[in-house]
Amino acid sequence: LPEAMADCQPLMEALMAKMMAAQGAGKDAKIVGPAALFGFAVEKPKGDDAPGVAVVEVLADGAAAKAGLKAGDRLLTLDGRWTDSVGDTFVAASLVRPGRDAVLGVSRGGKDVRVTVRPVRGV
């Protein structure tokens with residue numbers, strides 16, 4: 001299954017590029033995202049076989065930054081759900097309601113850390 005998910009990445013990137021181009025051209029396009037915003041970005045490059053996804057960006061003043069998540073962390077679970085791909089992470093985040101605490105299972109410097117984040121409502 002992880003290989004199948006990796007095959008979907010180019011398709012998802014192409015879809016995102018089309019959506020962004022449509023929005024920039026003034027067309028009636030909407031960017032779809034989860035209702036609860038955490039304020040971090042992850043990636044899982046091809047060939048990365050380690051559990052979880054790499055946290056590559058944490059937005060300043062976002063919910064994740066306020067909770068202590070850091071770029072360079074390895075996100076293993078989000079609210080009890082495995083996050084072994086970018087898709088897994090999106091699905092897990094989409095199931096969390098804004099204003100409700102979610103526990104992130106993180107590997108940081110070889111140690112397991114729990115970070116409790118209270119995501120905010122998206123617009």
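Among contacts in the protein chain between residues at least 6 apart in sequence, what percentage join residues at least 24 apart? The figure is 47%, and this tour of a predicted model visits some of the side-chain pairs that link parts of the chain.

**The whole chain**

Begin with the protein chain in a cartoon view coloured by secondary structure, where three helices and eight strands can be picked out. Followed from the N terminus, these elements come in the order α-β-β-β-α-β-β-α-β-β-β. If you then switch to a surface view, the exposed area is about 8,100 Å², of which carbon and sulfur atoms supply 58%, while 30% of the 123 residues count as buried.

**First stop: Asp 84 and Lys 44**

Return to the cartoon and display the charged side chains, among which the structure holds six salt bridges. Select Asp 84 together with Lys 44, whose closest N and O atoms are 3.1 Å apart in a salt bridge. Asp 84 sits in the loop between strand E5 (81-82) and helix H3 (86-94), and Lys 44 sits in the loop between strand E2 (40-43) and strand E3 (53-58), so this pair ties together parts of the chain that are 40 residues apart in sequence. The two partners can also be viewed by their accessibility: Asp 84, at 33% relative accessibility, counts as partly exposed, whereas Lys 44, with a relative accessible area of 15%, is buried, because buried means under 20%.

**Second stop: Arg 108 and Asp 73**

Next select Arg 108 and Asp 73, whose side chains meet in a salt bridge with an N to O distance of 2.7 Å. Here too distant parts of the chain are linked, since Arg 108 belongs to strand E6 (residues 102-108) and Asp 73 to the loop between helix H2 (63-67) and strand E4 (74-78), 35 residues apart. With the surface made transparent, look at each end in turn: Arg 108 is partly exposed, with a relative accessible area of 25%, while Asp 73 is buried, with a relative accessible area of 3%.

**Third stop: the network around Arg 81**

Finally, select Arg 81 and Asp 79, which form a salt bridge in which the closest N and O atoms lie 3.4 Å apart. Then add Arg 100 to the selection, for salt bridges that share partners join Asp 79, Arg 81 and Arg 100 into one network. Within this group, Arg 81 counts as partly exposed, at 33% relative accessibility.

Note on methods: Residues are numbered from 1 along each chain as its sequence is written. This is a predicted model: local features need pLDDT of at least 70, side-chain atom pairs count only at pLDDT 80 or more; totals for chains, interfaces and linings use all residues. Side-chain values use heavy atoms; hydrogens and water are left out. A salt bridge is a side-chain nitrogen of Lys or Arg within 4 Å of a carboxyl oxygen of Asp or Glu. Helices (H or I, at least four residues) and strands (E, at least two) are DSSP runs, numbered from the N terminus. Buried means under 20% relative accessible area, exposed over 50%, partly exposed in between (1.4 Å probe, protein chains only). Contact means heavy atoms within 4.5 Å. Accessible areas come from the Shrake-Rupley method with a 1.4 Å probe; for residues, only the protein chains shown count as cover.
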